[in-house]
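Trainee: Got a minute to go through this one with me? I'd like to start with the charged pairs and then move on to the pockets.

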Amino acid sequence: MQTRFFLLFFLVLFVSGSALSQRNPSNTVRIGICADVHLPTMHDAEYRITTFIDSMKIAKPDFLVDMGDFGTPAPKYAPYFAIWNSYPGPRYHVIGNHEMDGGYTLQQALAYRNMTSSYYSFRRNGFHFIVLDGNDKKTPDAKGYQEHIGTQQLEWLKTELTKTTDPIVIFSHQGLGKDGVDNSAEIRRLLEAHNQQAKRNKILVNFYGHIHYDRAEAINGIWYVCINSMSYKWLGEEYGHIRYSPEVDKEFKWIKYTAPYKDPLFTVVEISTNGTIKISGKKSEWVGPDPWALGYPETDKPYIKPEITERVLRFKRIR
């Protein structure tokens, strides 16, 4: 009788524990991320993208994301896209502002990546992922590089937020934080209002690139994380310096206006509904003098470094 009692007791504990686990599941997703590869700028772009893909084949994240400014649809970059496509798992692209350099259109950039739209969503491991395009024109006659998310895309985003009860992660090339797209404050209000209505941390984080910073900041309960460039910090023509050789400089005319990283930077991010965003770190060094040796402004100096900092970012556990 006593044996039967204990068996029944442990059965009740098991069933109760299973039910509790189902009510409070802990989901985890691992993402391989690279940003701002800038294939046309770097003379060693093949080495950089190959290193990333080889590393991801070992790390085996659930999927890869290129955060934009990968390369144009020029035929000569096809071998680099082939390296990216050699990864055996799911792969996603974000459209950056340099994807259309050289007179290429957005539709050409999308077709080169087998994409039907520059903004879209997908679901994996109990998370809902939203990819945005920050290259919309603010006005029809706007020229040059854009940093804007237009009305049509915003309406799509509003609908997309309501389509899921899953925790949401947003990818964009230009960020949604304080130095992001020019209507970032409007977008943050939208995201924060959605979290308030959901009464939980439904929208967790916005990952972005574009400014080649190593930075993470929380604004009203949502993380905004800039993934550093795989390749360099752009300095500008007034800070030109030949860092490799005259031969490299002659063939890659923009490289002397950058402060390159010796090694390619990229990361694996792990997000858990237990309340953590873990970012793996990777550190390199400058090729040649650092930006400040050339007189580059020290504004935002803490974020300008050849590194992706290892971080554990926290949010309120999702129940």
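Trainee: Which residues are linked with D214 in a network of salt bridges?

Mentor: K305 and R311; together with D214 they make up the network. Bear in mind that this is a predicted model.

Trainee: How far apart are the closest N and O atoms of D214 and K305?

Mentor: They are 3.4 Å apart, and the pair forms a salt bridge. It joins distant parts of the chain: D214 sits in the loop between β7 (203–208) and β8 (215–219), K305 in the loop between β14 (282–283) and β15 (307–308), with 91 residues separating them.

Trainee: Is D214 buried or exposed?

Mentor: Buried, because its relative accessible area is 3%, under the 20% cut-off. K305 has 25% relative accessibility, so K305 counts as partly exposed.

Trainee: What else is D214 in contact with, leaving aside neighbours within four places in sequence?

Mentor: Besides K305 and R311, the contacts are C226, N228, Y303, E307, I308 and T309.

Trainee: And the cavities, how many of 30 Å³ or more are there?

Mentor: The count is 2. D214 comes up again here, as one of the residues lining the largest cavity. That cavity holds about 50 Å³ of space.

Trainee: Which other residues line the largest cavity?

Mentor: R215, V225, C226, I227, N228, I279, I308, T309 and R311. By class, the lining has 5 nonpolar, 2 polar and 3 charged residues.

Trainee: What about the second largest cavity, what is its volume?

Mentor: About 30 Å³. Its lining consists of E147, Q174, G175, D179, G180, V181, Y208, G209, H210 and I211. The split there is 3 nonpolar, 5 polar and 2 charged.

Trainee: Back to salt bridges. How many does the count come to?

Mentor: It comes to 10 salt bridges. One of them is between R113 and E99, with the closest N and O atoms 3.2 Å apart.

Trainee: Which parts does the pair of R113 and E99 tie together?

Mentor: R113 lies in the loop between α4 and β4 (120–124), and E99 in the loop between β3 and α4, so the bridge ties together parts that are 14 residues apart in sequence. R113 and E99 are both buried.

Trainee: Is there one inside a helix, and if so which residues are in it and where do they lie?

Mentor: E155 and K158, both in helix α5 (residues 151–162), 3 residues apart, which is about one turn of the helix. Their side chains meet in a salt bridge at 3.2 Å, N to O.

Trainee: How do E155 and K158 count in terms of exposure?

Mentor: E155 counts as partly exposed because its relative accessibility is 42%. K158 is partly exposed too, at 38%.

Trainee: Changing topic: which residues in helix α3 are buried?

Mentor: In α3, residues 78–85, the buried ones are Y80, F81, I83 and W84. They cover an arc of only 150° around the axis, so they are on the same side of α3.

Trainee: What covers the buried residues of α3?

Mentor: The cover includes β1 (28–34), α2 (45–59), β2 (63–66), β3 (91–93) and α4 (106–112).

Trainee: Now pockets. How much space lies in the largest pocket?

Mentor: About 840 Å³. It is lined by 38 residues, and the closest to its centre are H38, T41, H98, D101 and W254. The elements that give two or more residues to this lining are α2 and β10 (232–234).

Trainee: Which element gives the most to the lining of the largest pocket?

Mentor: β10, with 3 residues. As for the classes in that lining, there are 16 nonpolar, 11 polar and 11 charged residues.

Trainee: Last one: how much space lies in the second largest pocket, and which residues lie nearest its centre?

Mentor: The second largest pocket holds about 260 Å³. It is lined by 13 residues, with N97, M100, G144, Y145 and Q146 nearest the centre. The class split for this lining is 4 nonpolar, 4 polar and 5 charged.

Terms used:
Residues are numbered from 1 along each chain as its sequence is written. This is a predicted model: local features need pLDDT of at least 70, side-chain atom pairs count only at pLDDT 80 or more; totals for chains, interfaces and linings use all residues. Side-chain values use heavy atoms; hydrogens and water are left out. Buried means under 20% relative accessible area, exposed over 50%, partly exposed in between (1.4 Å probe, protein chains only). Helices (H or I, at least four residues) and strands (E, at least two) are DSSP runs, numbered from the N terminus. The arc is that of the directions from the helix axis to the C-beta atoms. Contact means heavy atoms within 4.5 Å. On a 1 Å grid over the protein atoms alone, a cavity is a set of points where a 1.4 Å probe fits but cannot get out, and a pocket is an open set with protein on both sides within 12 Å along at least five of seven lines; lining residues have an atom within 4 Å of a point. Grid points are joined across faces, edges and corners, and a volume is the space filled by probe spheres set on the points. Ala, Val, Leu, Ile, Met, Phe, Trp, Tyr, Cys and Pro count as nonpolar, Asp, Glu, Lys and Arg as charged, and the others, Gly among them, as polar. A salt bridge is a side-chain nitrogen of Lys or Arg within 4 Å of a carboxyl oxygen of Asp or Glu.
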